[in-house]
Amino acid sequence: MGICFGDGGENWPGPKCRRGVTGTGKGYPLRQRCFVAQDSMVCGMKIKTDVVIVGCGVSGLYLALQLPKHLDITIITKSDMKSSDSFLAQGGICVMKDEADYESYFEDTMRAGHYENRAESVDIMLRTSSQVIDTLIGYRVDFEREADGSLKYTREGAHSRPRILFHQDITGEEITSKLLMQVQRLSNVRLLEYTSMIDIVEQDNCCQGILCVHTGASLPGNGGAGDTDASYEQVEIEAAYTVLASGGIGGIYRHSTNFRHLTGDALAICKRHGVRLQDVDYVQIHPTTFYSNVPGRRFLISESVRGEGAVLYNAKGERFVNELLPRDVVTKAVREQMEKDNTEYVMLSMEHIDKEDILGHFPNIYKRCMEEGYDVTREPIPVVPAQHYFMGGIYVDSDSKTTMERLYAVGETSCNGVHGANRLASNSLLESMVFAGRAAQHIQRQQAALEASAQYAAARRKTAPEVEAVKDEESYRALADTYKAMIWDEIERMRAERKK
Ligand SMILES: Cc1cc2nc3c(=O)[nH]c(=O)nc-3n(C[C@H](O)[C@H](O)[C@H](O)COP(=O)(O)OP(=O)(O)OC[C@H]3O[C@@H](n4cnc5c(N)ncnc54)[C@H](O)[C@@H]3O)c2cc1C
């Protein structure tokens, strides 16, 4: 299998991309670069593939890399390939340092999660953590090192000891860009940008792929302007296995650190198809994001800044909380303080951190605050809580299988119970990759079914009228609004149920 590259406004399959593609049909316009496996099957507006992965953050990319190379894999992303929350992760990635760290790491994770975590999932994550880190290092991910060359660990709120690996304050970018680079080398993977899943295709509680549309770059959060190539034509991706790796729900909130296009579509789609969801009301608010009253994504001031000694001050310049307590506890204290002081923010000071450490460990935060007019080496900055992470999601078992056959969910959109009611800092990148790896192994074990998939009959669609109606930007936005409303309803319903 080889790779065929197409870019910049070419039609796909177009003249340069047709080599090796079987079947003919209408072009599928792609503005950005795509990777097309030569013996993939493209018929009209239908793509046939072994595994379709919805999302190209760490969970989707890691999964693609762990699947056997003889499988044909299609990854889609709603935006460009670098606009995922995975690229935004600052603080780092946890690892169980050694066997002696097991009990303490386990307890820290459970305590932060209010002991509502699934203990089995936490155990799996801890015991697989060093394997994931070794794999990442194998992909040339560069973690900070001590002078003797050993890995350097930092600490964040609610961790009882340093066990977090990091790369400056852009750990997510370092990891995700290296994963992306590895995926780009694979000839069995095609990656379609600006392609949004609008539904799954199912038959008798068995997932047979997805429906998607090419939205172009002009949608909010998609990073582009002056889009010319959105087709909104529906494309069916028929797949033996479907993996939802579509991230969190921050885009439905007014204030969030997440990309705006992450609106939890996969959850709404699962809800509609009767796939079990769990703890949808468990949403983490980050206590310290840079205060701004301009609409849009909030800039995170990572937990590790507090881990390294930054302190919070009220309007009188007094400390009011232990900054290393779990996020939900610090958030509550900040909100109460804002109410007492009648302010829209509290102040965060890095006065106790050496200037060299700030510039060395947090260069991105330093630069971004400078752009906002604050020199963090000399003065405190205004911070406010904002939506940050989603602990709930699509219920999955320890192999990342949902309650629908051949449908998996990994990363932030899934709920395997690792985080319980509240996530411990820097556990999510790790959890995403550990359970993406397990999904890949499980899919691999279903080899017989995969082979059978080559013959399966055309899937019977079970689509709602609004999905059938999607044909342009207006109808797409109407569907997106319906999905957002469904998630809010579910959050409210679960909150009400919990109060009973
Ligand atoms: C500012 C910030 C800092 C963070 N810092 C840390 C940290 O230090 N350590 C840590 O462990 N975690 C951190 N996190 C959390 C962590 O980054 C995420 O939980 C993790 O990256 C999620 O990965 P993912 O693969 O599940 O989703 P994402 O990386 O969010 O990727 C989601 C993908 O799904 C695609 N998608 C969504 N909907 C659709 C659709 N309908 N159709 C097609 N594609 C779709 C998106 O385009 C995207 O490609 C941070 C998060 C933020 C926002």
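Where does T257 lie? I started my notebook with this residue, keeping in mind that the model is predicted. I found T257 in the loop between strand 12 (255-256) and helix 5.

**Entry on T257.** I then asked whether T257 is buried or exposed. I noted that it has 23 other C-beta atoms within 10 Å, and since 20 or more count as buried, T257 is buried. I looked up its contacts, leaving aside the neighbours within four places in sequence, and wrote down G250, H286, T289, R297, R298, L300, A386 and H388. For one of these contacts, R297, I also looked up the spacing: T257 and R297 are 40 residues apart in sequence, yet their C-alpha atoms are 5.2 Å apart in space.

**Entry on the open sheet.** I turned next to an open sheet of three strands, whose order is 13-19-21 and whose pairing is mixed. Strand 13 (277-278) and strand 21 (414-415) stand at the edges and have a single partner strand each, so one side of each is left without a neighbour in the sheet. Helix 5 (residues 265-272) packs on this sheet, where it touches strand 13 and strand 19, and its direction makes about 40° with that of strand 19. I followed the pairing of strand 13 with strand 19 (residues 393-395), which is antiparallel and rests on two bridges; here L277 has I394 in strand 19 as its bridge partner.

**Entry on strand 17.** I reminded myself that in a regular strand the side chains alternate between the two faces of the sheet. In strand 17 (residues 346-349) I saw this alternation, with V346 and L348 pointing to one face and buried, while M347 and S349 point to the other face and are not buried. I looked up the partners of this strand as well: strand 16 (residues 311-313) runs antiparallel to strand 17 and is joined to it by three bridges, and L312 has L348 as its bridge partner there. Strand 18 (residues 381-390) also pairs with strand 17 in the antiparallel sense, over three bridges, and V346 stands opposite V383 in strand 18.

**Entry on the ligand.** Which residues come nearest to the ligand? Of the 41 residues around it, I listed G55, G57, G91, G247 and G411 as those that come nearest. The elements that give two or more residues to this shell are helix 1 (58-66), helix 4 (171-184), strand 9 (195-203) and helix 10 (428-445). I closed the page with the make-up of the shell, which divides into 13 nonpolar, 24 polar and four charged residues.

Technical notes: Residues numbered from 1 in each chain as written. Predicted model: local features only at pLDDT ≥ 70, side-chain atom pairs only at ≥ 80, totals over all residues. Near = placed C-beta within 6 Å. Helix = DSSP H or I, 4+ residues; strand = E, 2+ residues; numbered from the N terminus. Nonpolar A, V, L, I, M, F, W, Y, C, P; charged D, E, K, R; others polar. Pairing = 2+ DSSP bridges. Contact = placed C-beta atoms within 7 Å. Axes fitted to C-alpha atoms, helices over the stretch in contact; angles between N-to-C directions. Buried ≥ 20, exposed ≤ 12 C-beta atoms within 10 Å, placed from the backbone.
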